Amino acid sequence: MLIDKATFVLTFVAALGSGLIAGVFFIFSVAIIWAFERLPASEGIAAMQSIIIVIVNPIFLGVFIGIGVVCFVLAIRSLGRWEQPGSAWLLAGCLLYLIGSIGVTMVFNVPMNLRLAAVDPASSAGQEIWAHFLTNWTVWNHVRMIASLAASASFMAALIYGDRSDGAVRR
Amino acid sequence: MILDKLFFVLTLVAALGSGLIAGAFFIFSVAVMRALERVPGGMVAMQSINIVILNPMFLGVFMGTAVLCLVLAISSVMRWQPPGSAWLLAGASLYLIGSMGVTMIFNVPMNNALVAADPASAAGQEIWRTYLTSWTFWNHVRTIASLAASASFIAALI
């Protein structure tokens, strides 16, 4: 095995973790947002506001941010062992997650979350923000879902190619 | 050789699919259920999720991954080659029993009971309270099983 043990373990964790986060965004994109859109606006807003508050907890953030830290470490490792097979996949996975998952969340989804969390669900201003949220937040949720899934696939590719000196797949 | 490549790609897709499903369950366990418990309209919101989730996108990934698992389980037994085949069979079994099986036996009947209940009635609220603990417990189980399946498929790939 050419890839060192620590990098191997971290890449394995990153593959699993970014897949898990992709699934979180996936279920918002394919079910939760539609389900809340069908409800009377005040109820849909209240349910989404509650999720926005509760999701800021150690377990979710531990995985979401923890995988970001792992990506940061792996990105540096990949540059340090650039001539080794699998390094390009490793760097690709890290960049996809750091930019497409965490970056997109911070720049697009979080500001919309904060705006929605502050509205009165019964007000017409609140319902206007809700209508905007349902379209725009969901678009960026699709983007970060695809980026996280692509990151997971890239980490798997890095693991597959990483322990072959010739870069060939075992089978 | 072609068959090897095919099964390799199928295993990669199964690893990604079971990871996606693990994440879908994970967010209910760590945020959605607690969030809905806090709001008066929580039961109606969960009823709506249970209706909407029966769509081609979600079911396509959820059931599609199960079909892949079935194919991979059979192929792993027929072309037994440790340790890859053992990981493959473990991943397929974890998903088919721990994710699909648990869902069918425990979560789906509770979903059906919830959707049929009247949120305005005392009986409906009783069903919702039971749902919050029992459904969530089995959701933890299928989250862990799906994630373990994804890890096993990744192990089978490398």
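## Exercises on two helical chains

Helix 2 of chain A (residues 41-54) packs against helix 1 of chain B (residues 2-38) at an angle of about 125 degrees, and their axes lie 8 Å apart. Here axes are lines fitted to C-alpha atoms, for helices over the stretch in contact, and angles run from 0 to 180 degrees between N-to-C directions. Helices are DSSP runs (H or I, at least four residues) and strands are runs of E (at least two), numbered from the N terminus.

This is a predicted model, where local features need pLDDT of at least 70, side-chain atom pairs count only at pLDDT 80 or more, and totals for chains, interfaces and linings use all residues. Residues are numbered from 1 along each chain as its sequence is written, and chains are lettered from A and ligands numbered from 1 in the order in which they are written.

**Exercise 1.** Classify the packing of helix 2 of chain A with helix 1 of chain B.

*Solution.* Step one: recall that the angle is about 125 degrees. Step two: angles under 35 degrees count as roughly parallel, over 145 as roughly antiparallel, 65 to 115 as roughly perpendicular and the rest as oblique. Step three: the two helices are therefore oblique to each other.

Now look at who touches whom. Helix 2 of chain A offers A:Ala47, A:Ser50, A:Ile51 and A:Val54, while the partners on helix 1 of chain B include B:Ala31, B:Val32 and B:Ala35. Contact means that C-beta atoms, placed from the backbone, lie within 7 Å.

**Exercise 2.** Describe the side of chain B that touches chain A.

*Solution.* Begin with the count: 38 residues of chain B are in contact with 38 residues of chain A. Next, find the main contributor: helix 1 of chain B brings the largest share, 20 residues. Finally, sort the chain B side by class: 28 are nonpolar, seven polar and three charged. In this scheme Ala, Val, Leu, Ile, Met, Phe, Trp, Tyr, Cys and Pro are nonpolar, Asp, Glu, Lys and Arg charged, and the others, Gly among them, polar.

**Exercise 3.** Explore the largest nonpolar core, starting from A:Leu159.

*Solution.* The core has 97 residues, and A:Leu159 is one of those that touch the most other members. Such a core joins buried Ala, Val, Leu, Ile, Met, Phe, Trp, Tyr and Cys residues through C-beta atoms within 7 Å; buried means 20 or more other C-beta atoms within 10 Å of a residue's own. Then list neighbours: leaving out residues up to four places away in sequence, A:Leu159 touches A:Thr11, A:Phe12, A:Ala15, B:Ile154, B:Leu157 and B:Ile158.

Notes
Two residues are in contact if their C-beta atoms, placed from the backbone, lie within 7 Å. A residue is buried if 20 or more other C-beta atoms lie within 10 Å of its own, exposed if 12 or fewer, and partly exposed in between; C-beta atoms are placed from the backbone.
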